[in-house]
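Let us take a friendly walk through this model and its pockets. Please have the viewer open as you read.

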Amino acid sequence: MPIARKVPEIAQKASTFCPGCGHGIAIRLITECLEELNQDRNVMFGIGVGCSSLLGGVLDTDRLHCLHGRASAVCTGMKRVSPDQMVISYQGDGDAYSIGLAETTSAAYRNEGFSVFVINNTNYGMTGGQMSNTTLPGQKTTTSVHGRDCETTGTPIKFPELVSNQFNVAYAARGAVTSPAEVNKTKKYIKEALLAQINKEGYSVVEILSPCPTNWGMTPLKAIEHIKDTVQEFFPLGEFKKREVK
Ligand SMILES: Cc1ncc(C[n+]2csc(CCOP(=O)(O)OP(=O)(O)O)c2C)c(N)n1
Ligand code: SF4
């Protein structure tokens with residue numbers, strides 16, 4: 001018999017994500033970790049614009065809906081004025097890495113003490129599947145109808161790798177929500193990121209590869225397979241900057 005996981009107290013409301021979307025799984029994992037760390041009533045979210053913003057309707061928690069791409073700037077302020085409160089930015093790839101690339105990168109560069117969770121579904125989900133900075137080479141989207149041409153649009157950003165190679169961040173990882181095993185690993189990454197924040201070690205980021213069946217034109221199951229066969233080839237999973245456990 002499957003073991004039922006207790007729904008965290010702050011996550012009791014039904015979500016409005018499309019069937020097969022990964023956002024709901026990611027939010028559930030974040031809330032489970034917060035509860036297990038006894039921080040679920042000591043948290044403030046800076047929420048991006050996009051399907052990520054639907055977190056606001058799902059959680060019973062303090063949160064601020066930020067201007068598009070600006071969650072890292074807002075979270076910088078929140079954490080600096082309230083250093084003992086958990087501060088989390090929850091964003092999509094278009095919000096964090098395209099429209100808000102400057103703010104997202106600058107917060108990592110300064111090693112700000114909050115945690116960033118980016119749901120990477122390789123497109124702008126909410127607005128109908130346009131190309132973002134993580135769209136794969138050759139991927140067809142509504143604004144790259146012949147497939148992404150990296151000669152003219154750049155190559156997809158690998159943010160956890162970028163910040164762990166170039167900046168002095170505390171923790172950086174990439175997970176996926178494609179199987180129970182990967183969900184459990186992603187939960188471990190989220191917890192490491194939150195522990196880095198609790199222990200005041202600095203900036204932590206976890207990118208989560210997530211299906212967007214609606215804009216990919218796939219069934220939920222096919223979308224999971226697509227992540228395993230194609231998306232993960234370009235965006236490898238794992239920890240890029242590990243914490244020194246204190
Ligand atoms: C300044 C501004 N530009 C554009 C938009 C339109 N817009 C709303 S959501 C969105 C895409 C969000 O995509 P992403 O961050 O990848 O999140 P997802 O919906 O895929 O979770 C865009 C472009 C906006 N609201 N504000
Ligand atoms: S459009 Fe994509 S990202 Fe948005 S809720 Fe639907 S499946 Fe999820």
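What follows covers the ligand, its surroundings and the two pockets.

**The ligand and its shell**

Please keep in mind that this is a predicted model. A good place to begin is ligand 1, which sits in the largest pocket. There are 16 residues around ligand 1, and H23, C51, G94, D95 and G125 come nearest. If you colour that shell by class, you will find four nonpolar, 10 polar and two charged residues.

Which helix gives the largest share of the shell around ligand 1? That is helix α4, spanning residues 93–99, with three residues.

**Polar contacts**

Next, have a look at the oxygen atoms of ligand 1. The table lists three places where one of them faces an N or O atom, or a polar backbone atom, of the protein.

| Residue | Part of the residue | Distance to an oxygen atom of ligand 1 |
|---|---|---|
| N121 | N or O atom in the side chain | 3.1 Å |
| N123 | polar backbone atom | 3.0 Å |
| M126 | backbone N or O atom | 2.9 Å |

So that the two kinds of partner are easy to find: N121 takes part through its side chain, while N123 uses a polar backbone atom, and M126 likewise offers a backbone N or O atom. As for cover, ligand 1 on its own has 590 Å² of accessible area, and the protein covers 70% of this.

**The largest pocket**

Now step back from the ligand to the pocket that holds it. The volume of the largest pocket is about 320 Å³. Its lining is made of 27 residues, and those nearest the centre are G50, C51, Y124, G125 and M126. Two of these names should be familiar: C51 and G125 are also among the residues that come nearest to ligand 1. M126 is familiar too, from its backbone contact with a ligand oxygen.

Helix α4 returns here as well: α4 and α9 (213–216) each supply at least two residues of the lining. Sorted by class, the lining of the largest pocket holds 12 nonpolar, 13 polar and two charged residues.

**The second largest pocket**

One more site is worth a visit. The second largest pocket has a volume of about 210 Å³. Which helix supplies the largest share of its lining? Helix α1, residues 23–36, does, with five residues. The lining includes G24, I27, R28, L29 and E32, along with others such as R5, K13 and V58. By class, the lining of the second largest pocket divides into five nonpolar, three polar and four charged residues.

Conventions: Residues are numbered from 1 along each chain as its sequence is written. Chains are lettered from A and ligands numbered from 1 in the order in which they are written. This is a predicted model: local features need pLDDT of at least 70, side-chain atom pairs count only at pLDDT 80 or more; totals for chains, interfaces and linings use all residues. Side-chain values use heavy atoms; hydrogens and water are left out. A residue is near a molecule or strand if one of its heavy atoms lies within 4 Å of it. A polar contact is a pair of N or O atoms within 3.5 Å; within protein, one must be able to donate a hydrogen and the other to accept it, and residues adjacent in sequence count only if both atoms are side-chain atoms. Accessible areas come from the Shrake-Rupley method with a 1.4 Å probe; for residues, only the protein chains shown count as cover. On a 1 Å grid over the protein atoms alone, a cavity is a set of points where a 1.4 Å probe fits but cannot get out, and a pocket is an open set with protein on both sides within 12 Å along at least five of seven lines; lining residues have an atom within 4 Å of a point. A molecule sits in a cavity or pocket if more than half of its atoms lie within 2 Å of its grid points. Helices (H or I, at least four residues) and strands (E, at least two) are DSSP runs, numbered from the N terminus. Ala, Val, Leu, Ile, Met, Phe, Trp, Tyr, Cys and Pro count as nonpolar, Asp, Glu, Lys and Arg as charged, and the others, Gly among them, as polar. Grid points are joined across faces, edges and corners, and a volume is the space filled by probe spheres set on the points.
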